[in-house]
Amino acid sequence: MSSEEKKRGGFREGSGRKPTGRLKIFANTTISGTPEEIAKLKRLAKENDKTVSRFVIENLLGKK
């Protein structure tokens, strides 16, 4: 395969995602529940002006 045939992929100067400057790296996880449980969780988070993630973390780990 000659270089003329290659049209995709490979390293290019300046390519890729640019750094955001963010100091914290976040991880994801998934929880499962009944539709009613998830709806209640979302409602409780909203009532406390928090995201569902922040609400769960603070309530499980006692952080505020």
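**Helices, contacts and surface of a predicted chain**

Me: Is Phe-55 buried or exposed?
Reply: In this predicted model, Phe-55 has a relative accessibility of 12%. The residue belongs to helix α2. Residues under 20% relative accessible area are classed as buried, so Phe-55 is buried.

Me: What distance separates the C-alpha atoms of Phe-55 and Leu-41?
Reply: Phe-55 is a residue of helix α2. Along the chain, Phe-55 and Leu-41 are 14 residues apart. Their C-alpha atoms are separated by 8.6 Å.

Me: How many helices and strands does the chain have?
Reply: Helix α1 covers residues 35-47, and α2 covers 52-61. Strands number zero in this chain, and the helices number two.

Me: What share of the residues in the chain is buried?
Reply: The chain has 64 residues and exposes about 6800 Å², of which carbon and sulfur atoms supply 53%. Phe-55 and Glu-58 each count as buried, with 12% given for Phe-55 and 12% for Glu-58. Over the chain, the buried share is 6%.

Me: Which residue forms a salt bridge with Arg-43?
Reply: The structure holds two salt bridges. Arg-43, at 41% relative accessibility, is partly exposed. Its partner lies four residues away in helix α1, so about one helical turn separates the two. With the closest N and O atoms 3.0 Å apart, the partner of Arg-43 is Glu-47.

Me: How far apart are the closest N and O atoms of Lys-50 and Glu-58?
Reply: Lys-50 is partly exposed, its relative accessible area being 33%. Glu-58, by contrast, is buried at 12%. A salt bridge requires the nitrogen to be within 4 Å of the carboxyl oxygen, and the closest N and O atoms of Lys-50 and Glu-58 are apart by 3.2 Å.

Me: Which residue has a positive phi although it is not a glycine?
Reply: The residue lies in the loop between α1 and α2. It is exposed, with a relative accessible area of 73%. Its phi is about 55°, and the residue is Asp-49.

Me: What is the volume of the largest pocket?
Reply: The lining of this pocket includes Phe-26, Ala-27 and Asn-28, as well as Val-52, Ser-53 and Arg-54. The volume of the largest pocket is about 360 Å³.

Me: How many residues of the lining of the largest pocket are nonpolar?
Reply: Among the lining residues are Ile-31, Val-56 and Ile-57, together with Thr-29, Thr-30 and Thr-51. Five of the lining residues are polar and one is charged. The number of nonpolar residues in the lining is six.

Me: What area does the nonpolar surface patch with Leu-60 have?
Reply: Leu-60 is placed in helix α2 and is exposed, with a relative accessible area of 69%. A patch admits residues with over 30% relative accessible area, so Leu-60 passes that cut-off at 69%. Ile-57, Leu-60 and Leu-61 make the patch, and its area is about 320 Å².

Key
Residues are numbered from 1 along each chain as its sequence is written. This is a predicted model: local features need pLDDT of at least 70, side-chain atom pairs count only at pLDDT 80 or more; totals for chains, interfaces and linings use all residues. Side-chain values use heavy atoms; hydrogens and water are left out. Buried means under 20% relative accessible area, exposed over 50%, partly exposed in between (1.4 Å probe, protein chains only). Accessible areas come from the Shrake-Rupley method with a 1.4 Å probe; for residues, only the protein chains shown count as cover. A salt bridge is a side-chain nitrogen of Lys or Arg within 4 Å of a carboxyl oxygen of Asp or Glu. On a 1 Å grid over the protein atoms alone, a cavity is a set of points where a 1.4 Å probe fits but cannot get out, and a pocket is an open set with protein on both sides within 12 Å along at least five of seven lines; lining residues have an atom within 4 Å of a point. Grid points are joined across faces, edges and corners, and a volume is the space filled by probe spheres set on the points. Ala, Val, Leu, Ile, Met, Phe, Trp, Tyr, Cys and Pro count as nonpolar, Asp, Glu, Lys and Arg as charged, and the others, Gly among them, as polar. Patches are made of residues with over 30% relative accessible area and no salt bridge: like charges are joined within 9 Å, nonpolar side chains (Val, Leu, Ile, Met, Phe, Trp, Tyr) within 5 Å.
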